[in-house]
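Visitor: I have not looked at this one before. Can you walk me through it?
Guide: Yes. Here it is.

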Amino acid sequence: MDWFVRAFLKASLVWFSLAVGLALLMAVLPMLTVYRTAHLHLALLGFVTQMIYGVALHVVPRFFGQPLVHRRLAEVQFWAAQAGLTLLAAGFVARVNGWPLAGAAIGAGGFASAVGAACFVVNLWRTMDASPMRAVQARGGRPLATLPQADAH
Ligand code: HEM
Ligand code: HEM
């Protein structure tokens with residue numbers, strides 16, 4: 001398994017823990033619901049999106065019998081996603097408190113998160129297009145002599 005797959009799954013669990021921790025505080029102290037935007041991005045962009053990143057980077061290449069075409073891009077994606085969400089969530093918290101640089105943190109975090117998302121889209125798209133399964137489809141679904149084998153690892 002690639003290191004970034006495991007890293008995304010673990011990062012997703014860390015973001016989930018932070019989202020639930022903040023959620024509990026909001027549930028107990030309703031005045032803290034001003035941090036709703038931070039909570040929902042920890043949950044949706046942290047837990048949900050990064051769980052999907054990790055699972056998809058592992059299974060999509062195997063579904064298509066085609067290794068990821070850009071492993072380096074997945075590594076860039078991992079760090080962009082972590083830095084991006086850290087800055088974005090910190091920026092949302094800072095904005096509520098009127099702290100300086102809140103807008104800059106949200107902007108930079110949003111940009112880094114978008115870079116991570118773009119890496120993901122390009123990598124999976126190009127991997128699917130590079131797949132030998134396309135040749136199978138071109139033959140009307142009849143299997144090739146060298147049909148890609150599933151990789152169990
Ligand atoms: C222990 C689990 C959770 C608790 C206790 C919790 C609690 C809360 C609370 C108190 C709010 C603020 C509601 C308000 O503004 O009055 C909220 C908002 C929100 N939460 Fe959670 N949450 C949890 C998990 C999640 C998860 C797993 C997700 C998504 C995957 C999520 C998505 C959202 C969204 C999208 C909002 C904004 C809703 C809106 O603005 O209408 N939450 N949550
Ligand atoms: C590049 C990634 C993302 C960036 C930069 C981003 C940024 C933002 C910003 C700046 C807002 C407005 C917040 C405000 O001014 O209060 C917002 C709202 C929201 N975002 Fe995101 N977001 C991203 C990804 C996502 C994803 C993946 C989801 C869901 C799967 C999501 C769900 C929401 C929701 C539900 C709101 C409305 C919150 C509310 O009205 O309280 N976002 N987002």
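**Around the ligands**

Guide: Of the 13 residues around ligand 2, the nearest are Thr-37, Leu-44, Gly-110, Ser-113 and Ala-114. The model is a predicted one.

Visitor: Which elements give two or more residues to that shell around ligand 2?
Guide: They are α2, residues 36–63, and α4, residues 102–130. The most comes from α2, with seven residues.

Visitor: And what is the shell around ligand 2 like by class?
Guide: There are seven nonpolar, five polar and one charged residues in the shell around ligand 2.

Visitor: OK, ligand 1 now. How many residues surround ligand 1, and which are the closest?
Guide: Ligand 1 has 14 residues around it, and Ala-23, Met-26, Thr-33, Leu-40 and Ala-43 are the closest. Two or more residues of this shell come from each of α1, residues 3–28, and α2.

Visitor: Which element has the largest share of the shell around ligand 1?
Guide: That is α2, with seven residues. By class, the shell around ligand 1 holds 11 nonpolar, two polar and one charged residues.

Visitor: Different topic: helix packing. At what angle do α1 and α3 cross?
Guide: Roughly 15°, with the axes of α1 and α3 (residues 71–97) coming within 10 Å. Angles under 35 degrees count as roughly parallel, so α1 and α3 are roughly parallel to each other. The crossing of α1 past α3 is left-handed.

Visitor: Which residues meet there, between α1 and α3?
Guide: From α1, Phe-4, Ala-7, Phe-8, Ala-11 and Trp-15 meet Ala-74, Glu-75, Phe-78, Gln-82 and Leu-85 of α3. This contact of α1 with α3 has eight nonpolar, one polar and one charged residues.

Terms used: Residues numbered from 1 in each chain as written. Chains lettered and ligands numbered in written order. Predicted model: local features only at pLDDT ≥ 70, side-chain atom pairs only at ≥ 80, totals over all residues. Near = placed C-beta within 6 Å. Helix = DSSP H or I, 4+ residues; strand = E, 2+ residues; numbered from the N terminus. Nonpolar A, V, L, I, M, F, W, Y, C, P; charged D, E, K, R; others polar. Axes fitted to C-alpha atoms, helices over the stretch in contact; angles between N-to-C directions. Parallel < 35°, antiparallel > 145°, perpendicular 65-115°, else oblique. Left-handed = near helix turned anticlockwise from the far one by under 90°. Contact = placed C-beta atoms within 7 Å.
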